[in-house]
Amino acid sequence: MTETLSMPHPQLSAIAIEKAYRKDKHKVPVLRGIDVDVQKAEFLSIVGQSGSGKSTLMHLFGLLDSPDIGEIQLEGQRIDDLPDHARDQIRNRVFGFIFQFYHLLPELNLLENVLSPLMIRYSTWEYWKQKKKFREDALEIIEKVGLSHRIKHRPSEMSGGEMQRAAIARALIAKPQILLADEPTGNLDSSTGKEIMNLLTNLNEQEQLTIIMVTHDNSIAAQAHRTVRLLEGQIEVLGKSHATSVPA
Amino acid sequence: MYKSLLCLRYLRTRYIALASIISMTLGVATMIVVNSVMDGFSTDMRTRLRGILADVIVETNSLDGEPVTKDIKNSIQRAIGDDIAGMTETVEIYAMLSVQYGSQWQSKPVTLIGIDPETKATVGPLAQYLEHTKDNDIPNWELSPEAMAYRKEWTTRAQWMVERWNHNPPPIEQNEQVSFEEPVESSEPLPAPKFANESETASPFDQTPKPKGTHKANPTANPFGEDLKVSAFEEKEERDPSSPLPGRVYIGYGLVSFPYEDPETGKTETFQIVKPGDDVKISTVTAGQPPEPTHFNATVVDLFKSNMSEHDSSLVFCNLEYLQEMRGMIGGGEKSITSIQIKLKRPEDAAMVVSKLEEALPASKFRVRTWEDKQGPLLAAVEVESAILNVLLFLIIAVAGFGILAIFFMITIEKTRDIGVLKALGASSNGIMSIFLSYGLALGLVGSGVGVIVGLLFVRYINEIEKAITWITGRKVFDQRIYYFPEISTHVNPMMVFWVAIGAMVIAVLASILPARKAARFHPVESLRYE
């Protein structure tokens with residue numbers, strides 16, 4: 001942790017982020033000046049009540065949305081103002097996404113779902129040239145998440161826990177630098193949720209994968225190195241005037 | 001890669017989209033069927049028209065004709081000598097054809113064409129159209145042995161009838177129809193036929209026109225006429241009445257045959273009232289001013305059947321010299337004709353040949369046309385009909401396009417969250433758009449592909465299908481009595497099939513552009529939150 005903090009730039013930074021949604025003529029502020037730095041191999045949890053802006057912050061980190069004011073920086077480089085195709089590439093190569101409702105593609109089986117980021121990254125010809133290698137990588141990751149017996153199954157034929165593990169496998173296939181998990185256990189029972197958390201913790205510890213996890217469950221958040229707590233679009237002040245983080 | 005994979009999966013799993021292209025399939029199939037039938041109709045008609053007319057026709061401006069002088073022949077030879085593959089001279093004139101069936105006379109307007117069969121065969125496939133002439137034979141004016149035997153039989157019977165009639169005139173009181181029964185050996189006088197009026201009593205052998213006012217004739221008069229002239233019995237002292245008359249004709253099949261539906265079998269049968277060997281009466285006008293009516297009897301040598309009902313029910317071909325003689329077109333050692341039909345070595349040069357001939361021949365006497373010019377209105381009508389049908393049918397496919405548009409919008413809404421996921425995984429907006437565009441293209445491919453197969457199968461078995469529909473509905477779909485051809489003829493033009501299929505696919509892709517653009521513009525966050 002000390003080593004990572006001594007790096008010249010945090011791996012991912014949100015600097016003075018402001019974001020509001022507009023409904024008709026009404027402006028609903030969601031994030032009101034957020035500064036968060038995430039170091040390499042850090043496991044950061046973002047907690048807060050519903051509507052506190054935690055999912056929005058994660059979407060801004062993952063370039064799914066753009067801030068109204070402020071910057072998102074990757075390794076010290078601003079990335080939120082990049083053109084669309086560059087943002088698409090960063091999403092594909094740098095980030096891995098895990099969603100509360102898994103969001104697997106229902107028409108594809110498990111193996112195809114896991115391979116989908118690679119299908120998106122490469123042209124048909126390039127994909128076919130490396131198909132065998134990709135398939136081996138995918139099978140390895142699927143084995144790691146314990147779903148080897150399910151590779152031909154469609155999402156509709158799997159349980160919630162299996163689908164979330166499949167989603168994790170999909171997020172890992174592209175060898176991302178940062179994993180963005182939006183309530184990864186939110187739709188699972190406690191024991192399955194625990195399995196998923198173990199999987200994420202192992203990935204963070206063994207493969208030094210940076211994880212940013214959004215959750216509203218304090219016990220889940222407690223498993224991260226550090227927790228950022230949001231309240232009405234701001235980092236919650238805990239005794240300090242501008243505390244950016246609380247120790248895990 | 002993901003685009004084609006998802007596109008294929010959508011194709012396999014979204015049956016509602018397949019339902020949307022049924023109308024496209026039907027539209028494509030209908031267009032192929034209609035075009036093939038119209039094309040078949042047009043091709044057959046052109047072949048037959050051309051078979052009868054030849055490539056280029058030189059016509060005289062007057063029905064009186066023009067003598068074919070050496071000058072004219074030389075002019076034609078000089079102008080287009082190298083291009084000529086065959087040439088024939090004809091006389092074409094309107095006429096009335098009268099044929100007798102039982103005791104009734106039937107008269108019909110016809111186009112009488114005097115031809116020389118040998119040269120006529122060099123400009124078109126005349127032998128193919130003659131019922132009793134083999135395709136390879138050169139047609140001539142001689143009766144076939146069968147026709148001769150038939151002629152001998154009926155002339156013998158008729159001669160006997162005339163003799164008996166003359167011998168025993170019928171009593172006034174008797175009111176019986178003429179009976180052509182076999183002669184029986186009896187010393188008793190034959191029952192005399194009685195006729196309601198003179199017109200019914202006219203003899204098929206009565207050639208001489210009667211003076212006006214004689215048609216209310218004495219019913220006891222010999223119905224065959226007192227002075228039988230240019231008939232089977234003309235010069236009966238000198239010639240065998242069973243030998244054919246000097247006038248010989250090929251008669252259009254449709255003029256002397258009548259299709260009817262057999263009430264027992266339900267099939268269309270043909271009832272024929274004239275056979276080769278029979279005599280018919282032809283009335284026309286002489287050349288010269290003013291035209292005078294003239295008529296003559298002629299022996300039917302063969303029946304002309306081009307299977308184009310307009311020709312079969314209007315054309316009568318006659319031996320050229322006899323027609324010229326009857327119309328008074330022979331004089332000063334020269335014979336007049338009304339048209340020269342020319343077959344070209346290269347039919348595609350027809351337009352050039354026409355312009356050369358127009359220069360070579362005096363415009364005051366002759367006009368030169370290609371067969372297409374001559375049949376212009378008919379051919380143009382078919383083309384216009386075909387074009388209108390194509391526009392209407394293409395509208396069906398356009399309507400199918402709107403169906404695809406609506407269903408695609410539904411599918412993009414249904415797939416909103418998946419679109420968000422794909423974007424989160426790094427898919428570009430263009431990538432998302434191309435998923436739906438290729439989906440539209442795939443639907444178009446399937447729709448038009450199935451349409452092409454269905455259409456071609458329909459065309460292949462169209463006559464069987466027509467029979468089946470006729471059997472099911474009990475109503476004839478294709479009535480041979482109405483149309484030009486005995487069965488539905490089709491011609492599949494591969495380029496037409498290609499363009500129809502391409503057109504359908506383009507419509508499918510165009511219809512998917514709007515939904516695809518909408519899908520591409522979905523905001524990833526909103527898409528992921530979409531419930």
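The questions below concern a predicted model and ask why its features carry the labels they do.

Q: Why is α14(B) called oblique to α16(B)?
A: Helix α14 (residues 376–414) of chain B and helix α16 (residues 429–460) of chain B pack at an angle of about 140°, with axes 12 Å apart. Roughly antiparallel requires an angle over 145 degrees, and roughly perpendicular one of 65 to 115. The value fits neither class, so α14(B) is oblique to α16(B). The crossing of α14(B) past α16(B) is right-handed.

Q: What makes up the contact of α14(B) with α16(B)?
A: From α14(B) come Ile404(B), Phe408(B) and Thr412(B), which meet Phe436(B), Gly440(B) and Leu443(B) of α16(B). By class, these residues are 4 nonpolar, 2 polar and no charged. Gly counts as polar in this scheme, so Gly440(B) falls in the polar group.

Q: Why is Ile342(B) called buried?
A: Ile342(B) has 26 other C-beta atoms within 10 Å. The cut-off for buried is 20 or more, so Ile342(B) qualifies. Ile342(B) lies in strand β13 (residues 339–344) of chain B. In chain B, 40% of the 531 residues count as buried.

Q: Which residues is Ile342(B) in contact with, leaving aside neighbours within four places in sequence?
A: They are Ala54(B), Asp55(B), Val56(B), Ile84(B), Met87(B) and Val123(B). Val56(B) is 286 residues from Ile342(B) in sequence, yet their C-alpha atoms are 5.1 Å apart. Across chain B, of the contacts between residues at least 6 apart in sequence, 77% join residues at least 24 apart.

Q: How do you know that β2 and β12 of chain B pair?
A: Strand β2 (residues 66–67) and strand β12 (residues 334–337) of chain B share 2 antiparallel bridges. Pairing needs at least two bridges, so the criterion is met. Glu66(B) stands opposite Ile337(B) of β12(B).

Q: What joins β11 of chain B to β12(B)?
A: Strand β11 (residues 330–331) of chain B is joined to β12(B) by 2 bridges, and the strands run antiparallel. Ile330(B) stands opposite Lys335(B) in β12(B). The two strands form a hairpin with 2 residues between them, and Gly332(B) in the turn has a positive phi of about 60°.

Q: How many residues does each chain give to the contact between chain A and chain B?
A: Chain A gives 25 residues and chain B gives 20. On the side of chain A, the elements giving two or more residues are α3 (84–93), α4 (110–121) and α5 (124–129). That side has 10 nonpolar, 8 polar and 7 charged residues.

Notes:
Residues numbered from 1 in each chain as written. Chains lettered and ligands numbered in written order. Predicted model: local features only at pLDDT ≥ 70, side-chain atom pairs only at ≥ 80, totals over all residues. Axes fitted to C-alpha atoms, helices over the stretch in contact; angles between N-to-C directions. Helix = DSSP H or I, 4+ residues; strand = E, 2+ residues; numbered from the N terminus. Parallel < 35°, antiparallel > 145°, perpendicular 65-115°, else oblique. Left-handed = near helix turned anticlockwise from the far one by under 90°. Contact = placed C-beta atoms within 7 Å. Buried ≥ 20, exposed ≤ 12 C-beta atoms within 10 Å, placed from the backbone.
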